[in-house]
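Student: Could you walk me through a few local features of this one? I'd like to see how you get to each answer.

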Amino acid sequence: MLKRLHKIIGLSICLIVIHLSITGAVLMYPSTFKLQDTYFTNSFIYNLYDMYKLSDVKVLEGNDEDIGVVKSKVITSDMSLETGMEDILGLLKKENLIFVLSKEKILLIEESDYELKIIEEKNIPFIVSSIGKSENAVLLRDVNKNIYSLNTSLNFSMLKEQNIKYNESILAATDEETASYYLLQVQGPGVQALRVFADLHNGRFFGPFVMFIFLVTSLLIVFLSVSGSYMALRPSIKRYFYRLNKKNRL
């Protein structure tokens, strides 16, 4: 019975054991297999690890400023800041200040030589559609086309003269090279091969169900080791005690 059970379990988990052995051997020599220097950047891996993709990057249309948006992050001058705003409509850079607009609020970010810092934050009491400027003034426009002036304290007031030139700041998709540059500031060159192989080895790559199967497999390997050792040693132990008993009778 034990031999039959040992055989059935061994055949059932042999492919998983082979998988664990191969991935484990690769992980033991990361330098040899260049796991620390190799990065995956394809869409499947990015989706699996909930990484940002090239399509998540937006830049100011027709603007040469070094500034971009990746979902809720603002990136400029090789620095990144999490704004917590998932629906960024637009942004505008004025000297060392960055105005970031969402549907419900506006942030003012200060840029220094070594960091980006949120210095003001204010909710907007009307439905805003865009941010822009006229000459040196920062402006907001609502869904009814009304234009408001905005100062560095994030106070705004409706302009009496609405017939002015309004240059809207528009966020748009960009080319692959530029998008890759901004993604590099946020999440590095991609998903490291070492991380992928580690997740392949422990089952996280495939999800919770496979992780549970790997856990059960690990316990079954312990059983196979114990049962295999018992079946291998049992004949020798039986012969030893048989000879001992025979010697005692004589």
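Student: Which helix holds Leu215?

Tutor: Keep in mind that we're looking at a predicted model. Going by the helix ranges, residues 208-249 make up one helix, and Leu215 is found there. That helix is α5.

Student: Is Leu215 buried, partly exposed or exposed?

Tutor: Buried would need a value under 20% and exposed one over 50%. Leu215 has a relative accessibility of 49%, so the label is partly exposed.

Student: How much accessible area does the nonpolar patch with Leu215 have together?

Tutor: Patch members need over 30% relative accessible area, and Leu215 has 49%. Leu215 shares this surface patch with Phe212, Val216 and Leu219. Together their accessible area is about 390 Å².

Student: Switching to strands: what is the order of the open sheet that contains β2?

Tutor: Let's build it from the pairings of β2. β2 (residues 57-60) is joined by 3 bridges to β3 (residues 67-70), and by 2 bridges to β15 (residues 171-172). Both pairings run antiparallel. With 5 strands in the sheet, the order is β5-β4-β3-β2-β15.

Student: Why is one side of β5 and of β15 left without a neighbour in that sheet?

Tutor: Both strands stand at the edges of the sheet. One side of each is left open because each has a single partner strand.

Student: Which residue of β15 is the bridge partner of Val59?

Tutor: There are 2 bridges between β2 and β15 to sort out. Leu60 stands opposite Leu171. For Val59, the partner is Ala172.

Student: Which residue in the turn between β2 and β3 has a positive phi?

Tutor: These two strands form a hairpin, with 6 residues between them. Within the strands, Lys58 stands opposite Val69. In the turn, a phi of about 65° belongs to Gly62.

Student: In which loop is Asp78, from the negative patch, found?

Tutor: Asp78 gathers with Asp64, Glu65 and Asp66 in a patch of negative charge on the surface. As for the loop, β4 covers 73-76 and β5 covers 79-82. Asp78 is in the loop between β4 and β5.

Student: Last one: in the open sheet with β12 and β13, which residue of β13 stands opposite Ser149?

Tutor: That sheet has 5 antiparallel strands in the order β13-β12-β11-β10-β14. Its edge strands are β13 (156-158) and β14 (167-168). β12 (residues 147-150) pairs with β13 over 3 bridges, and opposite Ser149 stands Ser157.

Notes. Residues numbered from 1 in each chain as written. Predicted model: local features only at pLDDT ≥ 70, side-chain atom pairs only at ≥ 80, totals over all residues. Heavy atoms only, no water. Patch = residues over 30% accessible without salt bridge, like charges linked within 9 Å, V, L, I, M, F, W, Y side chains within 5 Å. Areas by Shrake-Rupley, 256 points an atom, 1.4 Å probe, with all protein chains shown as cover. Salt bridge = Lys/Arg side-chain N within 4 Å of Asp/Glu carboxyl O. Lys, Arg positive; Asp, Glu negative; His and termini not counted. Charge placed at Lys NZ, Arg CZ, Asp CG, Glu CD. Helix = DSSP H or I, 4+ residues; strand = E, 2+ residues; numbered from the N terminus. Pairing = 2+ DSSP bridges. Buried < 20%, exposed > 50% of the residue type's maximum accessible area, 1.4 Å probe, protein only.
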